[in-house]
Amino acid sequence: MPPELLRMIITAVLVVAFVFLNAMILGYMERKISAHIQRRPGLMEVGPHGVLQLIVDGLKLIGKQLVVPEGSSPFLFRLAPLLSFAPCVLPFVVIPFSRKLQAVSMDVGLIYILAMTSINVVAVLVAGWASNNKYSLFGTFRSVAQAVSYEIPMLLSLLAVIMMTSSFSLEGIIEAQKYYWFILIQPVAFIIYFVSGLAETNRAPFDLPEAESELTAGFHTEYSGMGFSFFFLAEYANMFTVCSIATILFLGGWKGIPLPFYDYSGIIWFLLKVYGLLFVMIWARWTYPRVRFDQLMTFCWKYLIPFSMANLLITAIMVKII
Amino acid sequence: MNVKTDLRAERGYFGELWFGAKSLLIGLKVTLKALFKPIVTVQYPREECDITPNYRGHVELVFNPETGGCDCIVCGMCARACPSDCITVKGEKKEGEKGKTLTLFSLDFTKCSLCGSCVETCPKSALTYSQDYNIAGFTREEFHYDLIERLKRRHQQPLAAAAGGN
Amino acid sequence: METAKEQAAQYTLEPATDIPKSNHYYLNMGPQHPSTHGVLRVLLEMDGEYVIKAQPVLGYGHRMHEKMAEHKNWMAFMPNTGRMDYAAALPFNHGYAALFERLCNIEVPERAEYIRVITSELNRLVSHHLWLGAFLLDLGAFTPILYTFDDREQVLDILEDITGSRLTYCYFRVGGVCKDIDDKFVERTRAYIKRQRERFKVYNELVTGNIIFLKRVEGVGIISPEMARRYGATGPVVRGSGIAYDIRKAEPYSVYDRFDFEIPTGTTGDSLDRYLVRLEEMEQSLRIIEQALEQLPDGPYLGKVPKKLKLPTGDANFAVEAARGELSYYLVSGGGDMPYRLKIRVPSYSNLSLLPELAQGMLIADLVAAMGSLDLVIPEIDR
């Protein structure tokens, strides 16, 4: 067997395994943190402090029937979860977890990741349309409009960093942060990116596509069993991707205090930073009410885009001068 | 209670941004504080709250240690006072005894609205409230209580258990 | 005999005529929907996310309480009153007991009146806590409901200790209350008041000042004073519109005229005003309880009441301020011990009736916010 093929297979297995593991860790984190924020213990029953609960939940979801509602388009209905899940796995291939832990090194890694994360919208669109449910359709309207408009400030804020490093390669951007993290000189870009990331991953306070009190469950109202859990996995995988881009571009990626096995131990710093950001995401979710749809758009067009434009302009001038 | 800032003030473009960012950070502070505070809930089947002695559960007959039974005189006041007709009282006249003896006191707890009329009307104070709140069952017949039976069980089982232990 | 089809036709919407209806569609919000709290069904005609027409459909929780009252004597119906409005049962108890006292001229001992006021106000706090949590849940904030329930449990523990139950109280009797309060109750209530005042700061930090919350409620669901009058809105809804109408001041019953408290009012009548009015009402309730505990007289807690209450022929009316507004009982008696007719005018019903007008042209997200701010309790509407 050629070594390149072997490498690809191992990578694929590891990446998919990591996506599932990540969903379990995040699911556990979310439920534990929300519980303690609300002054209750949360998961306690399965395993010590409920650590095995997510495995049991997963088994339950696998065992459940996927109900296809009457009047829906069965093919699209079944396709949507897969369409949502598959592109979420792909970005993991290019993420540098440490200096040598990267499956594929790509010159345009950042663009590749952003392209892959955008496909999720199509899945939501298909899911909402195929469900033949008005609430699902509402969720879809909202999700598409939200994702399309928040892509703009997201890209503009990242562009500021790319201007400074003149590289789309993730390793190149990490190398450029040898002496200081970019969050120190690009705080505005970081905040804009993080807020847009929240919106992009449909997390509260921007969780309009699945707004529970308005749309029951939004675009995945009709999904059960594995259909639902693929959306769930995709959401958590997307959150991880968004936070890892933030880490790579603004927090120095896997760089930190050098540990033994320098080429590989960077993964510890990387995961610490990513899960730190994910903690903030979860923390925000359990604090704020949900914004309204038009306010979401107003915020994007009135605040995020002008600020990211101004930030880009200032960065461009500074780069030219220095 | 007073909210110090004017909530409806026109804040302008940057004022709104400043006000909003500040309020969001304050919100995060509140939840972060709560994250490190002890939990307030009780893990129910593992731990239980102390129930107040005034708790009004379903009705029970009062045990009279002198007679070894209850004080009920089968007057039927409780059954008449009950708004949902869930009490059935029957008694019979026994030879050589004054008044009637209780033979059946059944409570259909599925209908009971826990108002306490029966306890209040009982002329002999032979009824009281149960402290039992862990009530669950699979059939509705499980909630048709025979209170005489329950009284016997309550007061004989501890004795029997003590005797068996010796 | 109406056929089922004809009956169903009554509950479909007349399409709005002035707008081309080609892209309109209908949406059933409820009876099972996370934010209709219970079994309210609102039939919506929608254009995109905009509500063109809304029509509430009632009756999913109908239990014939008024009819039941005609076949029961006063005590036998007392438990039912607590089950109409499960969120604040004691004011319902209060109005019902006081109705018979007015009809039969029964004196209530002073201590009993004070106990009634204290427990009713505690119950109002319970109800407003429940509303606060549920309202914020409607707006998408998950955490506040757990905080308010934490505080609500403290009051429920206090009330459970004297009334014996936690939710559907049956504590008041004609002529007084069924159990006296003790020093432990007074002590616990005082401790609770202190605790609650601290907790308001947390609510204000987490919710009131929050920009997202303000944006969601400010200017949403504006009820003008004229509209509130037209629909007979009561309670915090009418007070939010700036009309200082509160039975406790307008027509003082029990011993409410002895306390110094204010009626909070809003200025614009939007959801934010109703929110602020309710929060301020909680503070005012604490003030009333504090004063009542200071003035609490000694004496019997249950007056002299004949064993079998003979109702004189005639009618009587009694209105109390329940947690959601004016609750009034109207009784017609033809002698005997059972009423000929008992009419219960519940606050949520009139507050709901303004929803169709309120909802016109609203976004569905705003409809949820506006409906939450009305504080509807559906079993009370359906009775």
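Start where chain C meets chain A: select the 25 residues of chain C and the 22 residues of chain A that form the contact. The model in the viewer is a predicted one.

**Stop 1: the side of chain C that touches chain A**

On chain C, colour strand 1 (25–29), helix 5 (110–138), helix 6 (143–163), helix 8 (211–217) and helix 15 (364–374); each of these supplies at least two residues of the side that touches chain A. Helix 8 of chain C gives the largest share, 4 residues. Now colour this side of chain C by residue class: 15 of its residues are nonpolar, 5 are polar and 5 are charged.

**Stop 2: helix 5 of chain C**

Keep helix 5 (110–138) of chain C, which is among the elements that touch chain A, and hide the others. Put a distance label between its end C-alpha atoms: they are 42 Å apart, which agrees with the 42 Å that its 29 residues should span at 1.5 Å a residue. Bring the surroundings back. Of the 29 residues of helix 5 of chain C, 27 are buried, so this helix is largely enclosed by the rest of the structure. Then step past the end of the helix to G140(C), which follows helix 5 of chain C and has a positive phi, near 95°.

**Stop 3: the sheet in chain C**

Select strands 6, 7 and 8 of chain C, which form an open sheet in the order 6-7-8 with antiparallel pairing. Its edges are strand 6 (314–322) and strand 8 (341–345) of chain C, each pairing on one side only. Look along the sheet and follow the twist, which averages 10° from one strand to the next.

Take the pairings in turn. Strand 6 and strand 7 of chain C are antiparallel and pair over 9 bridges. A hairpin with 2 residues between the strands joins strand 6 of chain C to strand 7 of chain C. For a pair of residues to display here, pick D315(C), which stands opposite V332(C) in strand 7 of chain C.

Move across to strand 7 (residues 325–333) of chain C and its pairing with strand 8 of chain C, which is antiparallel and has 5 bridges. Two residue pairs can be shown: Y330(C) stands opposite K343(C) in strand 8 of chain C, and L331(C) stands opposite L342(C) in strand 8 of chain C.

Which strands does helix 4 of chain C touch? Select residues 89–104 of chain C to see this helix packing on the sheet, in contact with strand 6 and strand 7 of chain C. The direction of helix 4 of chain C makes about 150° with that of strand 6 of chain C.

**Stop 4: where chain B meets chain C**

Show chain B next. In its contact with chain C, 26 residues of chain B meet 29 residues of chain C. Helix 1 (12–35) and helix 3 (117–121) of chain B are the elements that give two or more residues to the side of chain B that touches chain C. The largest share, 8 residues, is from helix 1 of chain B. Coloured by class, this side of chain B shows 13 nonpolar, 10 polar and 3 charged residues.

**Stop 5: the domains and sheet of chain B**

Colour chain B by domain: domain 1 covers 10–41 and domain 2 covers 59–160. The C-alpha centres of these two domains of chain B are 56 Å apart.

Now select strands 2, 3 and 5 of chain B, an open sheet with antiparallel pairing and the order 2-3-5. The edge strands are strand 2 (87–93) and strand 5 (144–146) of chain B, and each pairs on one side only. Here the twist averages 20° from one strand to the next. Strand 2 of chain B runs antiparallel to strand 3 (residues 100–108) of chain B, and 7 bridges join them. Display T88(B) and, opposite it in strand 3 of chain B, S106(B).

**Stop 6: one serine in chain A**

Finish with S244(A), which lies in helix 10 (residues 225–250) of chain A. Is this residue buried or exposed? S244(A) has 25 other C-beta atoms within 10 Å and is therefore buried, the cut-off being 20 or more. Setting aside neighbours within four places in sequence, S244(A) is in contact with I95(A) and V274(A). Last, select L215(A): its C-alpha is 30 Å from that of S244(A), and the two residues are 29 residues apart in sequence.

Definitions and conventions: Residues are numbered from 1 along each chain as its sequence is written. Chains are lettered from A and ligands numbered from 1 in the order in which they are written. This is a predicted model: local features need pLDDT of at least 70, side-chain atom pairs count only at pLDDT 80 or more; totals for chains, interfaces and linings use all residues. Two residues are in contact if their C-beta atoms, placed from the backbone, lie within 7 Å. Ala, Val, Leu, Ile, Met, Phe, Trp, Tyr, Cys and Pro count as nonpolar, Asp, Glu, Lys and Arg as charged, and the others, Gly among them, as polar. Domain bounds come from an automatic or database domain assignment. Two strands pair if DSSP finds at least two bridges between them. Axes are lines fitted to C-alpha atoms, for helices over the stretch in contact, and angles run from 0 to 180 degrees between N-to-C directions. The expected span of a helix is 1.5 Å times one less than its number of residues. A residue is buried if 20 or more other C-beta atoms lie within 10 Å of its own, exposed if 12 or fewer, and partly exposed in between; C-beta atoms are placed from the backbone.
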